[in-house]
Amino acid sequence: MIGDYKGSKPQIHESVFVAKDAVIVGDVTIDQDSSIWFHTVIRGDVAPTHIGKRVSVQDLSMLHQSPNNPLIVEDDVTIGHQVTLHSAIVRKNALIGMGSIILDGAEIGESAFVGAGSLVPPGKKIPPHTLVMGRPAKVVRELKEADYQEMERVRKSYVEKGQYYKAETEFGK
């Protein structure tokens, strides 16, 4: 379901795969080759949400905002299953592991990896190129070449999957 809220309608690039049971409402922009997966909710009814190019927002995720505090997801980000993003900034090439919660004013640095089940509290700045885990999330280590390769593999696979689902399945037609 894609709908407007008080005259504000989502702007979704024609190349984006949006699962038929996803909900996208209000002031939401989604750039090319991104994918919004099953049972995901993106509500732009409080502040804007901008999702960049080649971003996957995977199944059961929830994206929302607080007043005057937009949600920004830059290019080439992977958002795992059942993630909550609320008025945060996720810099390019980051990966947010499944079940993680990223709260108001938090900033995930470029190419950072937030481990599954992590809680990034309000206002927390996650350094670029680090692995963070826990509740609250703490830096565990700098990323290694194998981490970057895995992040790139996942990112590319979701761009490919999204395009396949959009063109070749009943979920995208």
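Strands here are DSSP runs of type E with at least two residues, numbered from the N terminus. With that in hand, let's walk through this predicted model, starting with a loop. Arg54 sits in the loop between β6 and β7, the latter covering residues 56-57. Its backbone is worth a look: phi of Arg54 is near 60°, a positive value in a residue other than glycine. Most residues other than glycine have a negative phi. Arg54 is also partly exposed, at 28% relative accessibility.

You can find another positive phi in the loop between β4 and β5 (35-36), where Asp33 is located. Phi of Asp33 is near 60°. Asp33 has a relative accessible area of 22%, so Asp33 counts as partly exposed, since buried means under 20%.

Now follow β4 itself, residues 23-30, into its pairings. Strand β1 (residues 2-3) runs parallel to β4, joined by 2 bridges, and Gly3 has Val25 as its bridge partner there. Strand β2 (residues 11-12) is likewise parallel to β4, again through 2 bridges; here Ile12 partners Ile30. With β6 (residues 41-51), β4 pairs in the parallel sense over 7 bridges, and Val28 meets Thr49 of β6 as its bridge partner.

Further along the chain, the direction of pairing changes to antiparallel: β19 (residues 130-134) and β20 (residues 137-142) are joined by 5 bridges. Val132 stands opposite Val139 of β20. The two strands, β19 and β20, make a hairpin with 2 residues between them. Pro136 lies in that loop, and the peptide bond leading from Arg135 to Pro136 is cis, with omega near 5°. Most peptide bonds, by contrast, are trans.

How values were computed: Residues are numbered from 1 along each chain as its sequence is written. This is a predicted model: local features need pLDDT of at least 70, side-chain atom pairs count only at pLDDT 80 or more; totals for chains, interfaces and linings use all residues. Side-chain values use heavy atoms; hydrogens and water are left out. Two strands pair if DSSP finds at least two bridges between them. Helices (H or I, at least four residues) and strands (E, at least two) are DSSP runs, numbered from the N terminus. Buried means under 20% relative accessible area, exposed over 50%, partly exposed in between (1.4 Å probe, protein chains only).
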